[in-house]
Amino acid sequence: MLFIRLTPRPVTGRLMQTLPGARWSCHGCGACCRDFRLGPVEPGVVEDLKARGAGQLAGREDWAVPEPGPNGEVGWFLRHVDGHCVFLLPDNRCAVHATYGAEAKPGFCREFPFRRLRDPNGEVLVIRAECGGFHASHTNGAELAAQTEEAASLPSLWPTPEFKPAAVAVMPGVGLTLADWMALEGALLRCWEGVDPDQAEPEDTARALARSAVHAVGKTLGPGRAELAAGAVREAMRMVTQAAMAQETDATEDWQKGLVREVAALLQTAHSPRPFAPATRRYLHTLLGQAILGKHLLAAGGFVPMLGRFVFECALVRTAAVQPGERGEAAGASISPTEASAVLVPWLRFADNPMVLAMLRRTTPALMELAGTPLKDSVSVPTIRP
Ligand code: SF4
């Protein structure tokens with residue numbers, strides 16, 4: 001891996017960093033109570049809820065089931081009923097919250113959609129893009145910077161993840177030391193902040209940032225064959241959905257089968273691309289900034305592949321969003337944030353899975369092509385000097 005020196009920037013000293021201008025409030029859509037594994041739940045919370053008689057709220061006593069957790073250890077998980085959490089009420093409220101208060105809920109419920117991590121500048125707080133109300137609340141919600149204290153006080157089963165890799169990949173084979181990456185990340189976030197999302201297409205912002213990052217480490221990107229590359233990633237993801245369906249067993253829950261089929265249908269959809277409404281460009285712009293601050297590059301195997309994945313996701317939204325008149329919905333000429341969210345949220349939930357992430361990593365050459373596609377005129381490429 002090639003190491004390049006950048007001028008270190010002073011640590012900000014802020015206790016918890018949030019994306020400039022970030023907002024979020026819960027819209028009570030109940031989407032986080034569907035299409036997720038609901039746990040692990042702290043054993044103390046299970047005991048407490050049993051003692052309170054939560055079985056009456058659930059309508060059954062076996063509302064928690066033992067299952068292997070992410071680390072292989074068996075823990076308690078809330079049961080799904082009709083594709084949603086056993087405690088979800090018909091009006092999308094949580095029966096536990098409504099009856100006993102927020103403190104009675106499992107830690108993972110209380111924490112969603114906050115995602116915290118620690119980098120050399122301090123703690124970082126971002127909103128998980130899988131939140132079903134974020135497409136609206138990123139503009140009309142409460143300031144995220146005012147919610148850091150509350151987020152920091154929430155219980156968590158696991159310690160806050162630390163971002164401290166020995167080297168950070170800008171692109172395959174080109175890495176920076178952690179200190180140099182933090183300097184570059186700060187510069188990239190300032191570039192992101194300088195883009196007018198009302199004017200710029202989100203894919204162009206991602207490609208401009210890819211070029212800036214690659215230029216800062218003294219490299220260039222290839223010519224970028226977007227359509228071929230997008231087709232290759234789409235095909236790889238179709239294979240993942242096929243494999244997931246083939247691996248279904250009697251133990252596969254209905255909500256998992258439903259999610260795979262929903263994503264398979266999105267990947268099969270071949271509508272003509274539609275333009276994004278200005279509000280959708282702002283939503284996607286926010287998701288891009290969050291991906292940078294939230295270090296999504298770790299899962300993607302590098303910064304440029306992460307941007308390539310973002311470009312692919314924009315293409316997925318453009319082609320899979322409901323067409324005017326389809327399913328009787330009154331879709332407009334441009335894609336609204338609600339339509340974009342309806343495509344993105346299931347896709348992101350599906351993609352938050354080791355098997356899908358591993359396959360996405362194998363499409364890195366195609367993701368590099370997507371990030372390297374020539375820009376249209378909506379964004380200029382900022383220069384970051386090494
Ligand atoms: S998905 Fe987001 S907006 Fe919807 S209920 Fe959950 S936290 Fe609230």
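Visitor: Is Ala-236 buried, partly exposed or exposed?
Guide: Welcome, and keep in mind that this is a predicted model. Ala-236 has 16 C-beta neighbours inside 10 Å. A residue needs 20 or more to be buried and 12 or fewer to be exposed. The count for Ala-236 lies in between, so this residue is partly exposed.

Visitor: Which residues is Ala-236 in contact with, leaving aside neighbours within four places in sequence?
Guide: Start in helix H9 (residues 226-246), where Ala-236 has its place. Now look at Arg-362, which is 126 residues apart from Ala-236 in sequence, yet 8.8 Å apart in space, C-alpha to C-alpha. With neighbours within four places set aside, the contacts of Ala-236 are Met-359, Arg-362 and Thr-363.

Visitor: Which helix gives the most residues to the largest nonpolar core?
Guide: That core has 108 residues, and Val-170, Ala-213, Val-304, Leu-307 and Val-343 have the most contacts inside it. The helix that gives the most, with 12 residues, is H13 (residues 303-320).

Visitor: From which domains does this core draw at least three residues each?
Guide: The protein is divided into two stretches, 39-105 and 226-371. The centres of these domains, taken over C-alpha atoms, are separated by 30 Å. The core draws at least three residues from each of them, domain 1 and domain 2.

Visitor: What does Val-170 touch, not counting residues up to four places away in sequence?
Guide: Val-170 is one of the residues with the most contacts inside the largest nonpolar core. Ala-213 and Val-304 are also named among those residues, and Val-170 touches both. The full set touched by Val-170 is Gly-175, Leu-176, Ala-213, Val-214, Val-217, Gly-302, Phe-303 and Val-304.

Visitor: How many charged residues are in the shell around the ligand?
Guide: Residues surrounding the ligand include Cys-26, His-27, Cys-29, Cys-32, Phe-112, Pro-113 and Cys-131. By class, the shell has 7 nonpolar and 5 polar residues, and the number of charged ones is none.

Visitor: Which strands stand at the edges of the open sheet with the order E1-E8-E7?
Guide: This sheet has 3 strands with mixed pairing. E7 pairs with strand E8 (residues 122-127) in the antiparallel sense over 6 bridges, and Arg-118 stands opposite Glu-123 in E8. An edge strand here has a single partner strand, so one of its sides is left without a neighbour in the sheet. The edge strands are E1 (16-17) and E7 (114-119).

Visitor: What is omega for the cis peptide bond that joins Phe-112 and Pro-113?
Guide: Most peptide bonds are trans. Pro-113 is in the loop between helix H4 (107-111) and E7, while Pro-40 is in the loop between strand E2 (23-24) and helix H1 (43-52). The bond from Gly-39 to Pro-40 is cis, with omega near 0°. For the cis bond joining Phe-112 and Pro-113, omega is about 5°.

Visitor: Is Lys-295 buried or exposed?
Guide: Lys-295 lies in the loop between helix H11 (278-293) and helix H12 (297-300), and its phi is positive, near 60°. Asp-82, in the loop between strand E5 (80-81) and strand E6 (84-85), also has a positive phi, near 50°. Asp-82 is exposed, with 9 other C-beta atoms within 10 Å. Lys-295 has 21 other C-beta atoms within 10 Å, so Lys-295 is buried.

How values were computed. Residues are numbered from 1 along each chain as its sequence is written. This is a predicted model: local features need pLDDT of at least 70, side-chain atom pairs count only at pLDDT 80 or more; totals for chains, interfaces and linings use all residues. A nonpolar core is a set of buried Ala, Val, Leu, Ile, Met, Phe, Trp, Tyr and Cys residues joined through C-beta atoms within 7 Å. Helices (H or I, at least four residues) and strands (E, at least two) are DSSP runs, numbered from the N terminus. Domain bounds come from an automatic or database domain assignment. Two residues are in contact if their C-beta atoms, placed from the backbone, lie within 7 Å. A residue is near a molecule or strand if its C-beta atom, placed from the backbone, lies within 6 Å of it. Ala, Val, Leu, Ile, Met, Phe, Trp, Tyr, Cys and Pro count as nonpolar, Asp, Glu, Lys and Arg as charged, and the others, Gly among them, as polar. Two strands pair if DSSP finds at least two bridges between them.
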